[in-house]
Number of protein chains: 2
Amino acid sequence: MARTTGSDGEKTEAAVREAAVSLIARLGYEAMSMRQLAAEVGVQAAALYRYFPTKEDLLFTLMREHMEGLLKAWEAARPATADPVTRLAAYVENHIAFHIERRHATHVSNMELRSLSHERLTQILKMRTTYEKELRTILRDGAETGLFQVDDTGLTAMALIQMMTGVIVWFRPGERLSVAEVTTTYLFMTMRLVGAKIDGREVAHVHEYAQLRT
Amino acid sequence: MARTTGSDGEKTEAAVREAAVSLIARLGYEAMSMRQLAAEVGVQAAALYRYFPTKEDLLFTLMREHMEGLLKAWEAARPATADPVTRLAAYVENHIAFHIERRHATHVSNMELRSLSHERLTQILKMRTTYEKELRTILRDGAETGLFQVDDTGLTAMALIQMMTGVIVWFRPGERLSVAEVTTTYLFMTMRLVGAKIDGREVAHVHEYAQLRT
DNA sequence: GAATTAATTGAACGTTCGTTTTATTAGTAT
DNA sequence: ATACTAATAAAACGAACGTTCAATTAATTC
């Protein structure tokens with residue numbers, strides 16, 4: 001046999017991407033075989049090579065587009081105001097929303113970096129650094145204006161990102177907590193962690209902060 | 001050829017464990033071949049099977065002993081006092097010290113869970129849950145006595161553990177920060193995050209807390 | 001020093017891997 | 001209808017994988 005009825009390149013490629021993210025997240029990149037991926041799509045392994053020249057190209061494409069999506073999402077969500085508290089809140093909300101919505105892709109981008117060539121690894125890490133720098137800038141601005149009590153900007157940024165991204169490890173949609181509840185709690189924990197002052201004083205309880213959210 | 005001069009089972013097994021942790025941390029479990037591991041030890045691949053019946057047995061052994069070590073370390077470090085602030089501080093200090101000291105093994109235990117059989121995965125996760133429960137208990141005790149301001153004990157425990165374990169991602173011994181400096185900063189961030197009261201008031205600056213450390 | 005045990009080698013097994021090549025069919029344009 | 005292009009199947013490639021087995025040598029025991 002050969003070309004199947006109703007076959008469509010665009011649809012097949014999209015199906016390959018989707019199945020690849022899911023399979024790599026579940027099994028890991030090395031453990032997933034091209035034959036397994038092909039079977040999930042409903043196609044023979046050779047057909048995959050029409051869309052991605054190598055297995056690593058497939059992985060890199062998924063990662064690059066994930067990181068581009070993250071940067072684009074933040075560009076769209078970034079508030080115009082200079083107020084560090086508002087900016088930090090927007091960063092946290094965007095980060096959590098994006099990562100919960102794309103749990104599998106985030107898993108892939110965070111766990112499979114070592115399967116990339118040196119050059120491509122550098123490319124992905126550059127994007128990641130760009131994203132993390134945004135948070136460091138917010139923290140620095142907040143610390144300089146006295147709104148935040150941050151001891152070490154770089155260390156605090158790493159701690160916050162690790163804490164926030166960790167959501168994807170345990171969060172399951174439709175369980176005990178909603179996305180909104182999780183986000184509120186994380187926002188509050190973040191503001192406490194950086195010692196943020198709102199209306200001139202530190203926020204003592206989560207309910208106070210929840211009311212401030214727009 | 002066969003048995004080599006000066007060969008010793010105990011030494012070889014120890015060398016295999018050490019090389020395996022290092023190689024799996026760097027390449028990933030699936031990507032590391034038994035031949036690669038054998039070469040690192042300076043032995044033929046077949047010799048490995050004298051010590052570990054399968055590749056998965058090797059992985060499981062490394063993980064189980066890592067988790068057992070973590071639980072043992074906490075049992076030794078756990079303070080006798082009932083004071084939640086002291087207990088939380090001890091938990092943070094022990095967690096960070098242990099994970100920095102065994103960065104590679106932690107990497108393996110956290111990243112390669114999916115390569116375990118269902119039964120063994122359950123075994124490892126049970127140990128992990130036991131360890132995490134210790135933190136939840138501390139947070140609950142602190143919240144009940146009004147010393148902590150914690151909205152959701154389970155969620156806060158996960159956030160803290162993710163934040164602390166994240167140290168191994170960016171921390172490199174001998175660089176900008178010492179282990180002591182990192183620990184102090186993390187201790188402070190933790191106390192801020194849970195809204196801990198010391199001597200009846202919240203700690204505003206890292207220097208205040210650093211002085212309280214024993 | 002002979003017998004036994006411990007530790008390892010070297011070669012091989014069957015399987016699976018990523019990938020390539022060639023042929024074949026479905027859709028599209030002329 | 002015919003020519004052309006897009007999309008796939010089927011089969012095969014060499015390489016590498018985890019693992020096993022028999023042979024061999026070092027160390028130990030008697």
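Which phosphate oxygen contact does B:Y51 make with DNA strand C, and at what distance? Select B:Y51 and find out: a polar atom of its side chain sits 2.4 Å from a phosphate oxygen of DNA strand C. Keep in mind through the whole tour that this is a predicted model.

**Stop 1: the DNA surface**

Stay with DNA strand C and widen the selection to the protein around it. The elements giving two or more residues to this surface are helix 2 (34–41) of chain A, plus helix 1 (9–27) and helix 3 (45–48) of chain B. You should pick up 27 residues, and the closest are A:A2, A:R35, A:K55, B:Q44 and B:Y51. Colour the set by residue class and it splits into 11 nonpolar, 10 polar and six charged.

Next, try two arginines that reach bases. Click A:R35, where a polar side-chain atom lies 2.8 Å from a base oxygen of DNA strand C. Then go to B:R3, which has a side-chain N or O atom 2.9 Å from a base nitrogen of the strand. As for the DNA atoms within 4 Å of the protein, 61% belong to sugar or phosphate, and the rest to bases.

**Stop 2: an annotated stretch of chain A**

Now select residues 10–70 of chain A. UniProt, in an unreviewed entry, lists this range as "domain: HTH tetR-type". In the model the range is 75% helix and 0% strand, with its end C-alpha atoms 23 Å apart. Within that selection, show the side chains of A:E13, A:R17 and A:E65: a network of salt bridges links them.

**Stop 3: salt bridges**

Over all chains, the count comes to 20 salt bridges. Start with A:R114 and B:E112, whose side chains meet at 2.8 Å, N to O. A:R114 lies in the loop between helix 6 (103–111) and helix 7 (118–144) of chain A, while B:E112 lies in the loop between helix 6 (103–111) and helix 7 (118–144) of chain B, so this pair joins two chains. The two ends sit in unlike surroundings: A:R114 is partly exposed at 29% relative accessible area, whereas B:E112 is buried at 5%.

Move on to B:D57 and B:R120, a salt bridge of 2.6 Å, N to O. Here B:D57 belongs to helix 4 (residues 55–77) of chain B and B:R120 to helix 7 of chain B, so to speak distant parts of the chain, 63 residues apart. Both B:D57 and B:R120 are buried.

One more in chain B: the side chains of B:R78 and B:E134 form a salt bridge at 2.7 Å, N to O. B:R78 is in the loop between helix 4 and helix 5 (84–101) of chain B and B:E134 is in helix 7 of chain B, so the pair ties together parts 56 residues apart in sequence. B:R78 is partly exposed at 40% relative accessibility, and B:E134 is partly exposed too, at 23%.

**Stop 4: aromatic rings**

Last, show the rings; the structure holds eight aromatic pairs over all chains. In chain A, the rings of A:Y91 and A:Y131 have centres 5.0 Å apart and planes at 25 degrees, so they count as stacked. A:Y91 and A:Y131 are both buried. Add A:W74 to the selection and you have one aromatic cluster with A:Y91 and A:Y131.

Then hop to chain B for B:W74 and B:Y91, an edge-to-face pair with 5.0 Å between centres and 70 degrees between planes. B:W74 is in helix 4 of chain B and B:Y91 in helix 5 of chain B, 17 residues apart. B:W74 and B:Y91 are buried as well.

Technical notes: Residues numbered from 1 in each chain as written. Chains lettered and ligands numbered in written order. Predicted model: local features only at pLDDT ≥ 70, side-chain atom pairs only at ≥ 80, totals over all residues. Heavy atoms only, no water. Salt bridge = Lys/Arg side-chain N within 4 Å of Asp/Glu carboxyl O. Helix = DSSP H or I, 4+ residues; strand = E, 2+ residues; numbered from the N terminus. Buried < 20%, exposed > 50% of the residue type's maximum accessible area, 1.4 Å probe, protein only. UniProt positions renumbered as here; feature names shortened; annotations may be inferred. Near = heavy atom within 4 Å. Polar contact = N/O pair within 3.5 Å; in protein donor to acceptor, adjacent residues only side chain to side chain. Nonpolar A, V, L, I, M, F, W, Y, C, P; charged D, E, K, R; others polar. Phe/Tyr/Trp six-rings, centres within 6.5 Å; stacked < 30°, edge-to-face > 60°.
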